[in-house]
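Here is a friendly walk through one protein model, written for someone who likes cut-offs next to claims. Have a look at the sequence and coordinates, then read on.

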Amino acid sequence: MKYTVMIPAAGSGKRMGAGQNKLFLEIGGQSILYHTIGVFQDDPYCNEIILAVRPDEQPIIQGILEQHGGSKTITFVEGGDERQNSVAACIEAYKGDGIVLVHDAARPFIDLSLIRELVHTAHEKGAAIAAVRAKDTIKIVENSMVKQTLNRERLWMIQTPQAFRYELLKEASEAAIQDNFLGTDESMLVERLGHSVQIVESSYDNVKMTTQEDLALGEILLERRK
Ligand code: C5P
């Protein structure tokens, strides 16, 4: 089943401490963004790529896209101050319907089988998100004091891609804007409408490149994929 992917790529990457957009840092001699976009460029089921970027970075990103090649329609939109605003700009720009995927540009290690399952599940149920089981015990802490220990059996770590019927995502995004609600993923916006969201079990390889250690891990993951 065909889908369109919306990719927020307009972050500053402060936690990476690279002094530039972390998506331009390289793994295996190519930028993180090159690897992520490449997955969708090479997927025959991906109809269109909508990229939220910072306007001053668009020429660099266009260069990266040309390097990879590919025949997909790529639409650029201007990213916002927060990730959610960048995704909202993609949602606003989209002209079609059907299933859309939201995927962080900073997660290059996704595979096509995960995308297929998410798209299929979102088609059936409206919303489906990639996630892995929490490995560690997770506690709620205030002022360095433990307030509560959560039951690990019920905890999942949420990733992207997140797949939605476009109409549902649009409604959720518009409601969030209306209510001044800022979430940490698109699923939250759909949840607050009272709509159910299905988990699709993903892989621990689907890491978000956030800190320098992740880059070293990325080199290993890329090598293993070859
Ligand atoms: O900072 P973090 O890694 O959580 O960002 C996730 C994704 O959202 C990244 O691909 C980043 O470029 C993007 N982003 C964005 N606009 C922002 C902040 C982050 O497109 N204002």
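A residue counts as buried under 20% relative accessible area, as exposed over 50%, and as partly exposed in between, with a 1.4 Å probe and protein chains only. This is a predicted model, in which local features need pLDDT of at least 70 and side-chain atom pairs count only at pLDDT 80 or more, while totals for chains, interfaces and linings use all residues. Residues are numbered from 1 along each chain as its sequence is written, and side-chain values use heavy atoms, with hydrogens and water left out.

## Overall picture

The protein chain holds seven helices and eleven strands, where helices (H or I, at least four residues) and strands (E, at least two) are DSSP runs numbered from the N terminus. Along the principal axes, the C-alpha trace spans about 50 × 40 × 30 Å. The radius of gyration is taken over C-alpha atoms, and the globule rule is 2.2 Å times the number of residues to the power 0.38. For 226 residues a compact globule would come out near 17 Å, and the protein chain agrees, with 17 Å. Of these 226 residues, 46% count as buried.

Helix 1 is a good place to see burial at work: ten of its ten residues are buried, so the helix is largely enclosed by the rest of the structure. Among them are Ile-32, Tyr-34, His-35 and Phe-40. For Phe-40 the relative accessible area is 0%.

## Aromatic contacts

How many aromatic pairs does the model have? The count comes to two, taking rings of Phe, Tyr and Trp (its six-membered ring) as paired if their centres lie within 6.5 Å, with planes under 30 degrees apart called stacked, over 60 edge-to-face and the rest tilted. A pair of aromatic rings is described by the distance of the centres and the angle of the planes.

| Pair | Centre to centre | Between the planes | Class |
|---|---|---|---|
| Tyr-3 and Phe-40 | 6.3 Å | 75° | edge-to-face |
| Tyr-94 and Tyr-166 | 4.7 Å | 75° | edge-to-face |

Tyr-3 belongs to strand 1 (residues 3-8) and Phe-40 to helix 1 (residues 32-41), so their pair ties together parts that are 37 residues apart in sequence. Tyr-3 is buried too, at a relative accessible area of 1%.

The pair of Tyr-94 and Tyr-166 links distant parts of the chain, 72 residues apart: Tyr-94 sits in the loop between helix 3 and strand 6 (99-102), and Tyr-166 in helix 5 (residues 166-179). Tyr-94 counts as buried at 9% relative accessibility, and Tyr-166 does at 4%.

Rings also meet charges here. A charge sits over a ring if NZ of Lys or CZ of Arg is within 6 Å of the ring centre and within 35 degrees of the ring normal. Lys-135 lies over the face of Tyr-204, 4.0 Å from the ring centre, and the charged end of Arg-192 sits over the ring of Phe-181, 4.4 Å from its centre.

## Pocket and cavity

On a 1 Å grid over the protein atoms alone, a cavity is a set of points where a 1.4 Å probe fits but cannot get out; a pocket is an open set with protein on both sides within 12 Å along at least five of seven lines, and lining residues have an atom within 4 Å of a point. Grid points are joined across faces, edges and corners, and a volume is the space filled by probe spheres set on the points.

The largest pocket holds about 1000 Å³ of space. Its lining has 39 residues, and the closest to the centre are Gly-11, Arg-15, Arg-83, Asp-104 and Lys-208. Helix 3 (83-93), strand 10 (156-165) and helix 6 (186-191) are the elements that give two or more residues to this lining; strand 10 gives the most, with four. By type, the pocket lining divides into twelve nonpolar, 14 polar and 13 charged residues, with Ala, Val, Leu, Ile, Met, Phe, Trp, Tyr, Cys and Pro as nonpolar, Asp, Glu, Lys and Arg as charged, and the others, Gly among them, as polar.

There is one cavity of 30 Å³ or more, with a volume of about 50 Å³. Which elements give two or more residues to the lining of the largest cavity? They are helix 3, helix 5 and helix 6, and helix 3 gives the most, with five residues. The cavity lining includes Gln-84, Ile-91, Ala-176 and Leu-189, and divides into six nonpolar, three polar and one charged.
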